[in-house]
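Here are some notes to read alongside the sequence and the 3D view. Please take the points in order, since the terms are explained where they come up.

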Amino acid sequence: MSRIQESVIIRTVVRIMVPFIQLFALYVIMHGASGPGGGFQGGVIFGAAIILYAMIYGIAEGKKKMSDALDKILASTGLTIFAATGLACIVCGGMFLQYHAVPLLPDPAKVSRYLIDLVEIGIGITVLAVMISLFFDISPPESEPEEAEE
Amino acid sequence: MKTLALFVVVITGAMLIYAGQDLPAFGDINSPSYQAPMTQYFIENSRTESGVTNIVTALLASYRGYDTLGETAVIFTAGMAVILLLRRRER
């Protein structure tokens with residue numbers, strides 16, 4: 001394990017690849033309305049990018065990118081976005097999650113489309129936060145994190 | 001114990017392969033899921049009703065939005081349970 005973490009090739013490749021994986025995850029989330037993709041898949045890809053980074057650079061480095069407190073906040077934020085979208089439909093006179101009841105735009109199908117995107121973003125945020133927190137909580141504690149820095 | 005586990009895995013796999021023979025062929029127009037009346041309805045109306053070109057997303061987020069909310073809640077609950085049980089608290 002430590003030998004893999006010390007490899008220059010792997011460290012460099014991971015450092016270069018992580019932003020592209022995250023960009024791809026955002027693409028998958030936003031592309032859910034018009035093609036294959038969606039909140040669950042995109043959230044898992046985004047979480048996998050951070051997990052990959054934490055596996056190579058160490059749990060302590062990974063927690064600098066995604067702290068425990070941020071994890072909890074994000075997980076509940078995503079679910080709140082989803083539920084609030086549903087409640088907003090009730091407030092505007094429709095049924096729960098009846099998107100085209102919200103009078104944001106003149107075309108109800110467009111409103112529905114954007115609210116579906118919003119819901120997918122909420123799903124993605126919850127899934128990525130839960131994925132990362134699962135990895136951090138299950139991984140064993142590091143004995144000497146400073147040793148890998150040499 | 002290991003032989004028993006192998007036995008269970010092999011038997012389960014054989015049963016799944018046996019059951020898989022009865023699945024309709026890929027793209028078979030006569031399969032029950034194509035013949036169901038709701039399929040025709042979703043293909044014709046999901047675009048105008050939900051404004052989304054992907055029928056799977058229209059079903060997931062619009063027609064079955066309540067179900068998807070429950071799924072997200074399940075993931076959230078699982079994550080919170082793991083945090084409560086396993087997170088190491090630093091003092």
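1. Among contacts in chain A between residues at least 6 apart in sequence, what percentage join residues at least 24 apart? The value is 64%, where two residues are in contact if their C-beta atoms, placed from the backbone, lie within 7 Å.

2. Before going further, please note that this is a predicted model, in which local features need pLDDT of at least 70 and side-chain atom pairs count only at pLDDT 80 or more, while totals for chains, interfaces and linings use all residues. Residues are numbered from 1 along each chain as its sequence is written, and chains are lettered from A and ligands numbered from 1 in the order in which they are written.

3. Chain A contains six helices and zero strands, giving the pattern α-α-α-α-α-α along the sequence. Helices (H or I, at least four residues) and strands (E, at least two) are DSSP runs, numbered from the N terminus.

4. The C-alpha trace of chain A spans about 60 × 30 × 15 Å along its principal axes. Its radius of gyration is 19 Å, whereas a compact globule of 150 residues would have one near 15 Å; the radius is taken over C-alpha atoms, and the globule rule is 2.2 Å times the number of residues to the power 0.38.

5. In chain A, 37% of the 150 residues count as buried, a word used for a residue with 20 or more other C-beta atoms within 10 Å of its own (exposed means 12 or fewer, partly exposed in between, with C-beta atoms placed from the backbone).

6. The largest nonpolar core (a set of buried Ala, Val, Leu, Ile, Met, Phe, Trp, Tyr and Cys residues joined through C-beta atoms within 7 Å) has 42 residues, and among those that touch the most other members are A:Ile50 and A:Ile132. At least two residues of this core come from each of α2 (8-30), α3 (39-57), α5 (68-91) and α6 (108-138) of chain A, and likewise from each of α4 (55-63) and α5 (65-86) of chain B. The most is given by α6(A), with 14 residues. Leaving aside residues up to four places away in sequence, A:Ile50 touches A:Gly62, A:Lys65, A:Met66 and A:Ile132.

7. Where the chains meet, the contact takes 31 residues from chain A and 24 residues from chain B. On the side of chain B that touches chain A, α3 (37-50), α4 and α5 of chain B give two or more residues, and α5(B) gives the most, with twelve.
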